[in-house]
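Me: I would like to learn how to read a few features of a protein model, beginning with its surface. Could you take me through them one at a time?

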Amino acid sequence: MPDAFADLVGQDEAVETLRRAAAAAAAMLRTAGEAEVPAGVDPGGGMTHAWIFTGPPGSGRSVAARAFAAALQCVHGTGCGECPGCHTTLAGTHADVRLVVPEGLSIGVNEMRALVLRAASTPSGGRWQVVIVTDADRLTEAASNALLKAVEEPPPRTVFLLCAPSTHPDDISVTIRSRCRVVPLRQPAAEAVAEVLVRRDGIAPDVARWTAAATQGHVGRARRLARDPQARARREAVLAVPRRLTGVGAAFDAASALIEAAEAEAEASVAEVDAAERAALETALGAGGTGRGAAGAARGVAGQLKDLERRQKSRATRAQRDALDRALVDLAAFYRDALAIALGAPVSPVHADTAEVAEAGARSWQAEGALRRLEAVLACRAAIESNVKPRIAVEAMMLALWKG
Ligand SMILES: [Zn+2]
């Protein structure tokens, strides 16, 4: 049976909460008639105007937000997955559902103000205006304040759905948090992820099982690994690192290779969009015109192109960091495997295909050495997160992995 929540893997509790709230929201609309939702409507279903979806990367924060948005726009109020409200919301084309995906390192204040303004208008479909912010932890302080104002004095038919790794004050301001209902999501089990890859994406069961394990239950990454040969090649290159660390020179080489691979991956992922954006802007601005006033117009064009280049540079930096982080997560899992083996822990390895190398490592390093290496990888992630230059952080990590 189709269902707006079908892609939300292994999150039964959250789905239950959201279904109840959607039903309560539908009841509010029925009793409200045309105008505002009247005071005193039964809040039993826990419907409220601002929500935060938290959970580790890959747990499905934005999937949950979108599914809930569909249920709110569903003509049956259930998230049937089939009616026009569900369908257009899930396809990303519903007029009353706005999705904010930060492209650079943070969501700017202008973007947020424009959004808040539009969100205050009457829903064209007669149900709700829904605003989804996929990485609310990446709002700038000014943008966060603009959002707070809207959340504090919500327009009657507007619902804000924010996604963030956690409700820690570093991720979401305490004042916004205090006005939202929190839906915690967990890391889905690898079996649940494999099941959805088979059912929804038609991936062979054995492939689905190993990619789900290798990506530690990250649905999007598991699907990419199953489908994209380049993603598999990148993962193999990262997992070859431990074997290659034979000396100082090799450690620096491995650092360069890792950084360059992340840069190449990021470049490939943004190049097409960048070129299309630039072409569109140039066409819109009539660049290259030679008529009267073209010189004056060209100065304005140059300014706008500069703006675009700034935004694109920010997006490229973000893509690079994300690519590098994915590589570090894979590498950390390798040392976690070695640690588990050294401790004799009864858990299956994340990377079944490098289990033998991890075993050899466990024998020579012992648990202590495996743990130190795992910590070196995690310290590198933390350093990059706090803006240490990636090359410096990765070189320090490689040296630590070699020396142990
Ligand atoms: Zn529906």
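Reply: We start with patches, bearing in mind that this is a predicted model. A patch is made of residues with over 30% relative accessible area and no salt bridge, and nonpolar side chains are joined into one patch when they lie within 5 Å.

Me: Which residues form a nonpolar patch on the surface here?

Reply: The patch consists of V248, F252 and W402, which together have about 230 Å² of accessible area. W402 belongs to helix α15, which covers residues 390-403, and its relative accessible area of 31% makes it partly exposed, because that class lies between the limits of 20% for buried and 50% for exposed.

Me: How many helices and strands are there in the chain, and what radius of gyration does the chain have?

Reply: The chain contains 15 helices and five strands. For overall shape, the idea is to compare the radius of gyration with that of a compact globule: with 404 residues such a globule would be near 22 Å, and the value of 24 Å for the chain agrees with this. Along the principal axes, the C-alpha atoms fill a box of roughly 70 × 65 × 40 Å. Of the contacts with a separation of 6 or more, 73% are between residues 24 or more positions apart.

Me: What share of the residues is buried, and how much accessible surface does the chain have?

Reply: Buried residues account for 43% of the 404 residues, while the accessible surface of the chain comes to about 20,200 Å², with 54% of it belonging to carbon and sulfur atoms.

Me: Why are D201 and D274 counted as buried?

Reply: The class follows from the relative accessible area, and buried means under 20%. D201 is buried because its value is 16%, and D274 is buried because its value is also 16%. D201 lies in helix α7, residues 190-201, and, leaving aside residues up to four places away in sequence, D201 touches V196, R223 and R227. D274 lies in helix α12, residues 248-285, and, with the same exclusion, touches Q312 and R315. Between D274 and N387 there are 24 Å in space, C-alpha to C-alpha, for 113 residues in sequence.

Me: How many disulfides does the count give?

Reply: A disulfide is a covalent bond between the sulfur atoms of two cysteines. With a cut-off of 2.5 Å between the sulfur atoms, the count comes to zero disulfides. As for individual cysteines, C80 is buried at 17% relative accessible area, and C380 counts as buried at 3%.

Note on methods
Residues are numbered from 1 along each chain as its sequence is written. This is a predicted model: local features need pLDDT of at least 70, side-chain atom pairs count only at pLDDT 80 or more; totals for chains, interfaces and linings use all residues. Side-chain values use heavy atoms; hydrogens and water are left out. Patches are made of residues with over 30% relative accessible area and no salt bridge: like charges are joined within 9 Å, nonpolar side chains (Val, Leu, Ile, Met, Phe, Trp, Tyr) within 5 Å. Accessible areas come from the Shrake-Rupley method with a 1.4 Å probe; for residues, only the protein chains shown count as cover. A salt bridge is a side-chain nitrogen of Lys or Arg within 4 Å of a carboxyl oxygen of Asp or Glu. Helices (H or I, at least four residues) and strands (E, at least two) are DSSP runs, numbered from the N terminus. Buried means under 20% relative accessible area, exposed over 50%, partly exposed in between (1.4 Å probe, protein chains only). The radius of gyration is taken over C-alpha atoms; the globule rule is 2.2 Å times the number of residues to the power 0.38. Contact means heavy atoms within 4.5 Å.
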